[in-house]
Amino acid sequence: MAGALMDFERIVLADAELLLYRDFVAADEQQRLLQRLLDEVSWRQDLIRLFGRDCRIPRLQQFQGDPGLGYRYSGLRLEATPWHPLIASLRQRIAAIEPTAFNCVLLNLYRDGDDSMGWHSDDEPELGLNPVIASLSLGAARDFVLRHRQNPEQPRVSLRLEPGSLLLMRGPTQHHWQHALPRRRRVQEPRANLTFRRILDE
Ligand SMILES: O=C(O)CCC(=O)C(=O)O
Ligand SMILES: [Mn+2]
């Protein structure tokens, strides 16, 4: 049962605060959850504007949240669709370990190892200073890599995000580090990732 006593690991990194809950969702439950989300979410492959050209993102996504919220990145604005009941209950479970009142979640579906996400920080102005991001992984294990934005002497870090794990990114992490989910050709299974966020009032 998720609770305040759940085990986590602190990932020691300069200018960052990263906490990894390896067993946030149990193995059998995470599989059922993934299957439900694969079947029930209306996944979209949106276009983003990159170097003046419209490109299909190399993954599928959906944005859910409280009514009226929107999420903007790379020239794209996603309007929040209602919370899927399973995702709403995951949000409640996260509330047992993290006090941030998350009001939206970006869902990403990496259909296989060809799907990926490029380098970025979750530093959109509407997330405010030092946003807390709670990132839940389901399905295939994938590498999540980090690089320092200002100090090239800080080594790159690679975390293997196992199914059922929850990574909390807090404090100045987004200000100082970028992250990415690189392509991994050998991976054949899908992975879903849910990043719970809090968009501040205008
Ligand atoms: O898939 C992941 O683990 C990362 C997703 C991510 O960085 C994002 O949604 O902003
Ligand atoms: Mn991100």
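In which strand does Cys55 lie? In this predicted model, the answer is strand β4, which spans residues 53–56, and the close-up views below take up this residue, a hairpin and the surroundings of a ligand.

**View 1. Cys55 in strand β4 and its contacts.** Cys55 counts as exposed because 12 other C-beta atoms lie within 10 Å of its own, and a residue with 12 or fewer is classed in this way. When neighbours within four places in sequence are left aside, the residues in contact with Cys55 are Leu47, Ile48 and Leu50. Between the C-alpha atoms of Cys55 and Glu153, which stand 98 residues apart along the chain, the separation is 33 Å.

**View 2. The hairpin of β6 and β7.** Strand β6 (residues 70–73) and strand β7 (residues 76–79) run antiparallel and are joined by four bridges. Within this pairing, Tyr71 has Leu78 of β7 as its bridge partner. Two residues lie between the strands of the hairpin, in which Ser74 adopts a positive phi near 45 degrees.

**View 3. The shell of residues around ligand 1.** The residues around ligand 1 are Leu106, Asn108, Met117, Asp122, Ser135, Phe144, Leu161, His179, Leu181, Asn193 and Thr195. Two or more residues of this shell come from each of the elements β8 (104–110), β14 (177–181) and β15 (191–197). Sorted by class, the shell around ligand 1 comprises five nonpolar residues, five polar residues and one charged residue.

Technical notes. Residues are numbered from 1 along each chain as its sequence is written. Chains are lettered from A and ligands numbered from 1 in the order in which they are written. This is a predicted model: local features need pLDDT of at least 70, side-chain atom pairs count only at pLDDT 80 or more; totals for chains, interfaces and linings use all residues. Two strands pair if DSSP finds at least two bridges between them. A residue is near a molecule or strand if its C-beta atom, placed from the backbone, lies within 6 Å of it. Ala, Val, Leu, Ile, Met, Phe, Trp, Tyr, Cys and Pro count as nonpolar, Asp, Glu, Lys and Arg as charged, and the others, Gly among them, as polar. A residue is buried if 20 or more other C-beta atoms lie within 10 Å of its own, exposed if 12 or fewer, and partly exposed in between; C-beta atoms are placed from the backbone. Two residues are in contact if their C-beta atoms, placed from the backbone, lie within 7 Å.
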